[in-house]
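The following exercises concern the packing of helices and strands. Please examine the sequence and the structure before reading the solutions.

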Amino acid sequence: MSNHPIPVIVASGTYHEVGLQIGSQCKTQIQNMLSHLRTSPPPNKTWEQTIAQSKIFLAHSRAIYPHYIDELEGIAKGADVSFDEIFVSMCEELWEGGAWIKGCTDMAARGRATLDGTTLIAHTNDLSENAEDDLVILKIQADAEPEFIGISSGGVGISAGFNAAKISLTGNQLDSNDVRPGVPRLLVVRAILGSRHLSEAMDQCLLPQRASSYNNVIANGTGEVYCMEGSATDLEAIYIEGDVMAHANHYVSAPMRRFELNRADISNSIIRHNRAEYLLKENYGKITPDLLKTLLADHAGYPTSICKHGVTSVTVFSIVIQVEQLRAWIGRGFACETEYFEHQLEPYQLA
Ligand SMILES: [Zn+2]
């Protein structure tokens with residue numbers, strides 16, 4: 001696995017202009033992603049039927065986030081592909097349940113848990129192995145939003161990032177039993193990265209019209225960290241306890257357990273969640289960005305370890321974010337082999 005840096009795509013302007021710039025620079029990645037999706041529509045559906053079903057998601061999305069639809073239209077035009085297909089690629093919910101073989105493990109530490117008291121978020125992102133080929137880092141300044149850095153496989157849906165207003169977003173896929181037509185969770189992620197305040201980011205997670213939800217791990221520059229552990233119809237905001245927090249791919253709060261799609265299928269997530277929590281507690285008071293990079297490479301429970309080598313997904317990138325300093329270290333491939341590259345944003349000036 002190679003350690004060359006993930007390419008950085010820079011775009012700025014109106015939402016539509018940002019979309020055009022992303023689309024033209026990520027044309028190859030987007031066309032790869034769409035050709036893969038066309039050959040793997042949801043079970044018992046054709047690609048055309050999938051597009052038809054996405055129309056109700058689109059109607060909800062246009063009503064709530066018309067500016068992000070404008071951005072997606074720009075992406076389609078810039079990449080010379082159909083908007084309908086770009087929008088379907090944002091609707092993971094159409095493939096549920098459990099068809100997206102995603103993992104991800106998150107660790108957060110702040111205050112007394114970190115060596116210098118700063119807030120640190122660490123995340124491994126697990127996808128199918130071929131997703132690594134199409135990774136890009138989007139550096140986006142859209143309209144009056146804070147500039148953000150987001151990591152994407154393909155250039156359209158974003159997996160993790162942080163913005164110049166000191167809002168960070170990582171998180172984990174959850175498979176819930178209440179998925180419904182609505183605003184796709186990937187559009188909610190885009191909106192979180194456009195938020196200026198923690199409450200604004202939280203409001204996106206709580207959007208009543210959402211089709212489903214990730215566990216969105218959001219943090220801000222004053223050291224507040226939450227797991228917004230959501231499904232389509234409910235959400236528990238889990239606050240960082242004792243200055244450390246871990247999360248993987250199953251519901252951990254008591255109120256949300258009833259939404260777990262398949263409780264027989266969460267063993268590898270349980271192992272990663274508990275191991276991450278143990279590592280944070282073991283290193284309490286000593287946690288630094290470099291230490292987190294080594295914790296992300298942990299192999300306890302291999303191959304379904306925090307640095308995930310299988311069975312259905314593998315770690316395709318990892319990220320450590322120092323929220324107050326607007327700095328992040330991003331590495332492609334397995335966390336145990338990667339080389340991290342530093343990325344920085346200038347602070348956003350609140351109007
Ligand atoms: Zn590894």
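Two exercises on this predicted model follow, each with a worked solution.

**Exercise 1.** Determine how helix H6 is oriented relative to helix H7, and describe the contact of H6 with H7 by residue class.

*Solution.*
Step 1. Helix H6 spans residues 185–193 and helix H7 spans residues 198–205; their axes come within 9 Å and cross at roughly 175 degrees.
Step 2. Angles over 145 degrees count as roughly antiparallel. H6 is therefore roughly antiparallel to H7.
Step 3. On the H6 side, Val-188, Ala-191 and Ile-192 take part, and they meet Ala-201, Gln-204 and Cys-205 of H7.
Step 4. Sorted by class, this contact of H6 with H7 comprises five nonpolar residues, one polar residue and no charged residues.

**Exercise 2.** Establish the strand order of the six-stranded open sheet, and identify helices that pack on the sheet or lie across its strands.

*Solution.*
Step 1. The order is S11-S2-S3-S12-S13-S14, with antiparallel pairing.
Step 2. Strand S11 (244–247) and strand S14 (341–344) are the edge strands, each pairing on one side only.
Step 3. On average, neighbouring strands of this sheet are turned by 15 degrees against each other, direction ignored.
Step 4. Four bridges join S11 to strand S2 (residues 105–109) in the antiparallel sense; among them, Met-107 has Ala-246 in S11 as its bridge partner.
Step 5. Helix H8 (residues 267–282) packs on the sheet and touches S2 and S11, its direction making about 160 degrees with that of S11.
Step 6. Helix H9 (residues 289–296) lies across S2, strand S3 (120–127), strand S12 (314–322) and strand S13 (327–332), and runs at about 30 degrees to S3.

Notes
Residues numbered from 1 in each chain as written. Predicted model: local features only at pLDDT ≥ 70, side-chain atom pairs only at ≥ 80, totals over all residues. Axes fitted to C-alpha atoms, helices over the stretch in contact; angles between N-to-C directions. Helix = DSSP H or I, 4+ residues; strand = E, 2+ residues; numbered from the N terminus. Parallel < 35°, antiparallel > 145°, perpendicular 65-115°, else oblique. Contact = placed C-beta atoms within 7 Å. Nonpolar A, V, L, I, M, F, W, Y, C, P; charged D, E, K, R; others polar. Pairing = 2+ DSSP bridges.
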